[in-house]
Amino acid sequence: MEQNNQTVQRGKFITFEGIDGAGKSTHIAAVVEFIKSHGLAVVSTREPGGTPLGEKLRELLLHEEMHLETEALLMFAARREHLARVIEPALARGDWVVCDRFSDATYAYQGGGRGLDKIKFETLEAWVHGHLHPDLTFLFDVPPAVASQRIAAQGRDLDKFEQERTDFHARVRQAYLERAAAAPQRIQVINADQPLEVIRQQVLDIINQRGV
Ligand code: TMP
């Protein structure tokens, strides 16, 4: 794309992953501020969600019982909408995109947690986002027992995934770690059972190394 005779450089796409209660949110906000402080435009968004339709699908996905394959398909349907309306246009105009969860979550939750065959996700992934993958993914890794204590301390109503038993979250964690081992350059595993400030510094150092 040409603008003022200069080629617009595609923005970077950063995603955050981890089991429920891993503590991504605080750090996502810090990363967004950090990128902005370097004079860059950044879009902060989430999955499932990120568009009006996607947020409606999120409501269903987090609270309605449904067939496990319907759940996986709706995750990808929401993702298609999100990519078309938010992520792809933002990256094309040179904005950075910081996204709370993306396709790694489907592999971890619907694959590891629910036990669906990952071949199905590979097909859907190729359809829904072709060659577009995150440039960098932070995997906040924490034992399920620590994560569930954090969620309990918040004292709020739990969604469908948060209500799952510890063994579900242990399988989700395992699937995430396997994906990180298969893509060590893209997926940076952060020990999320450390003081907030230590985690924050590790995350910002990695972003700095990747060229902010
Ligand atoms: P959040 O609470 O981090 O916003 O995530 C919403 C929930 O949706 C979380 O429990 C993980 C789940 N999820 C999936 O099961 N599959 C997916 O593909 C995505 C994006 C999220």
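The largest pocket of this predicted model is lined by 35 residues, and Asp20, Gly21, Lys24, Asp100 and Arg101 are the ones that lie nearest its centre. Its volume comes out at about 710 Å³. As for what the wall is made of, the lining splits into 15 nonpolar, eight polar and twelve charged residues. Quite a few helices chip in: helix 1 (24–37), helix 2 (52–63), helix 3 (68–92), helix 4 (103–113), helix 6 (144–154) and helix 8 (196–209) each give at least two residues to the lining. Helix 1 supplies the largest share, with four residues.

Next comes the second largest pocket, with a volume of about 180 Å³. Lining this one are Val8, Gln9, Arg10, Gly11, Lys12, His38, Leu40, Gly94, Trp96, Asp135, Gly211 and Val212. Sorted by type, that lining holds four nonpolar, five polar and three charged residues.

Then there is the sheet. Five strands make up an open sheet, running in the order 4-5-3-6-7 with parallel pairing. Strand 4 (42–46) and strand 7 (187–191) sit at the edges with a single partner strand each, so one side of each has no neighbour in the sheet. From one strand to the next, the twist averages 20°. At the strand 7 edge, the pairing with strand 6 (residues 136–141) is parallel and spans five bridges. One bridge there puts Thr137 together with Ile187 of strand 7.

Terms used: Residues are numbered from 1 along each chain as its sequence is written. This is a predicted model: local features need pLDDT of at least 70, side-chain atom pairs count only at pLDDT 80 or more; totals for chains, interfaces and linings use all residues. Side-chain values use heavy atoms; hydrogens and water are left out. Two strands pair if DSSP finds at least two bridges between them. Axes are lines fitted to C-alpha atoms, for helices over the stretch in contact, and angles run from 0 to 180 degrees between N-to-C directions. On a 1 Å grid over the protein atoms alone, a cavity is a set of points where a 1.4 Å probe fits but cannot get out, and a pocket is an open set with protein on both sides within 12 Å along at least five of seven lines; lining residues have an atom within 4 Å of a point. Grid points are joined across faces, edges and corners, and a volume is the space filled by probe spheres set on the points. Ala, Val, Leu, Ile, Met, Phe, Trp, Tyr, Cys and Pro count as nonpolar, Asp, Glu, Lys and Arg as charged, and the others, Gly among them, as polar.
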